[in-house]
Amino acid sequence: MPAVLIEDIHKRFGSLEVLKGVSLSVEPGQVVAIIGRSGSGKSTLLRCINGLETFHAGKIEVAGHTMTQDPTKLRELRKDVGIVFQSYNLFPHLTVGQNIMLSPRITKNVPQAEALALAKDVLAQVGLSEKFDSYPDNLSGGQQQRVAIARSLAMKPKVMLFDEVTSALDPELTGEVLLVMEKLAKGGMTMLLVTHEMNFARTVADTTVFMHQGKIWESGPSKVLFANPQTPELSNFVKAGAH
Amino acid sequence: MQTFGWPEALFIFRSAGWTLALTAIAFFIGSILGGAFAIMRLSRVRWLRRFASGYILVIQSIPVLMVLFMSYYGLSALGIELPPFLAASASLSIYVSAYLAEIWRGSIESVPRQQWEASASLAHTTAQTYRYVILPQAVRISLPPTVGFLVQLVKNTSIVQVVGFVDLMRAGMLVNNATYQAFQIFTLVGAIYFAICFPLSRLSRHLEKVMNASRSH
Amino acid sequence: MLFQDVLSKWPMILHGVWLTIALSFVAITLGLVLATAMTALRSLAGSWAGYVVDAYVELMRNTPFLVQLFMIFFGLPQLGIRLNGLEASILAMTLNLAAYATEIIRAGVDSIHRSQIEAGLALAMSKWQVLKHVVLQPAFARVWPALSSQFVLMMLASSICSFVSVQELSGTAAIIEQDTFRSFETYIVVTVIYLVLALSLKLFLNWLGHKLFPQVSGLARLTEAHGEAA
């Protein structure tokens, strides 16, 4: 069974159709990069996968859950599907440790001691053990984003979504975040990432999907796709250096 | 026993005029004092600064009622008899001055530092800088909280009834003493206060929105 | 000036101080609970609940505390609800503070960015959990200084409860004044006590703010707001 199955998704903002029938299947352990111009619908698609956006037609199944509006079922789904945002969205009033422990504690009733061990573990995975008691405001953007990844990991997700997680970072800080993601990919995590980092998509993602005007315009194994674009749109996009 | 009818309601309405008069006087005198204290609070002279902060801190840390009692009963015990209207005006002016001083100090301080530097570099004196550069900007910034404070003032005038001055509140109490129809009477009294305060509250909020909008452009 | 006459009444004064503190403490606690409930109602329930809360807040903020107190003390008995001075005072103070606190907390809630709420939802939290952990906690931290000023103003406004014969600090002052004929001395003593009470309360609330919200003390200072008199 695929880890993520998207079937013919349609989505409108008012009269503007941003997703015009998108279908996509992601196998467990697969890493899929979604690329495309801003406004191509790629972030909207990603946000549909854990219910931050609703859609008008189509079907999404992810980590064994069917996408639904029912709050209880949606919460069950979200326990298995993590998302990391462009703007980190750490909770500023909580320390790094508290940020990570909060959700396991209150949504999965993980005991305090276990949550603590879990938090230390995921924080070590992103290489920030020493920041356990810091507040987000005292971290660099790259560090905050790594904490956000750790916070998602602490929920032990089956699928991880990354929504342009390096776009808000200074160039010299993107490397540390991409490194963490690469490690995750090698560890077998199922990942969907919307990204502007073409190099990362080419080297780390198994499959790359190019979105254009609300549709999947072209997709295939990353290396093939970047080397031999089949459509002029993708060819222009790659040549323009992603922007 | 008297009942609550038109003559009584009319008496209450007329007394609202005194509430407005008291508000106007306290606001006028309080503004002058408050402006002076705001400038003193920002003065380069340390003892002036300290005196002003001390004054503001003390007045803001005691009930308005105590200011009123001090100026009415206290001074009369010392042989200085103030008629109720004067005592009420004086104590409310003192109250107003402390709060406006603080609001206006904040407004003056929120004018960017560079404005002071620019003005100084054009060889303006401190007074000229205040007059032509800082105050025109500070007044705009201070408008929403100042109008907001006016609402607090209108409401706080209600306590001066305790020294026997017949304002809106006192009128309500007098009618109540004669008719014992407190519910209707205080509904009317409250409604009149509301009719004065609510538009001011809205105005304050509106000014704030306008200000925020113009700042973000 | 003869302060001995006034100071010899210290047991009475002490009792007045105690009552002022107790009144304020109870009203602040209850008012804060009520305000939090109203904020939650406004954020989570349908729009009609929001309108009711808004109307309540506007009504309380645009009428004098004294009118509210008299309405409860003199007006309610006409509807068959009879409260003594102390009960009426506690009710009036609670209702008054709740309105101001709701307004202040709303500003804090509005300052929480939508993306924070999304992050909470994405971490599988329920609406209530998001409200509690992601919205209200930082909102409170941010508006704590404004809430603190409001608490101090409420304590000072409790002096008005002497008008319904509650023997709190200013009610005590009136009695001592009648007993001793030392008006000026009496009011000086009582005013100084209020001053000490207000400054202590301010210090205490500051300390409490640092204890409750260690991280945001810097943040909170930026959003320092002016409290408003009851």
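Student: Which residue, with a positive phi, follows α4(A)?
Tutor: Good place to start! This is a predicted model, in which local features need pLDDT of at least 70, side-chain atom pairs count only at pLDDT 80 or more, and totals for chains, interfaces and linings use all residues. Residues are numbered from 1 along each chain as its sequence is written, while chains are lettered from A and ligands numbered from 1 in the order in which they are written. Helices are DSSP runs of H or I with at least four residues, numbered from the N terminus, and after α4(A), with phi near 75°, comes Gly127(A).

Student: How far apart are the end C-alpha atoms of α4(A)?
Tutor: Helix α4 of chain A has 14 residues, 112-125. The expected span is 1.5 Å times one less than the number of residues. That gives 20 Å, which agrees with the distance between the end C-alpha atoms, 20 Å.

Student: Why do the buried residues of α4(A) line one face of the helix, and what arc do they fall within?
Tutor: A residue is buried if 20 or more other C-beta atoms lie within 10 Å of its own, and exposed if 12 or fewer do, with C-beta atoms placed from the backbone. Buried here are Ala115(A), Leu118(A), Ala119(A), Val122(A) and Leu123(A), while Ala113(A), Ala117(A) and Ala124(A) on the other side are exposed. The arc is taken from the directions from the helix axis to the C-beta atoms. The buried residues line one face because, seen down the axis, they fall within an arc of 130°.

Student: Which chains have the most contacts between them?
Tutor: Two residues are in contact if their C-beta atoms, placed from the backbone, lie within 7 Å. Chains A and B do not touch. Of the 2 pairs that do, the one with the most contacts is chains B and C.

How values were computed: Helices (H or I, at least four residues) and strands (E, at least two) are DSSP runs, numbered from the N terminus.
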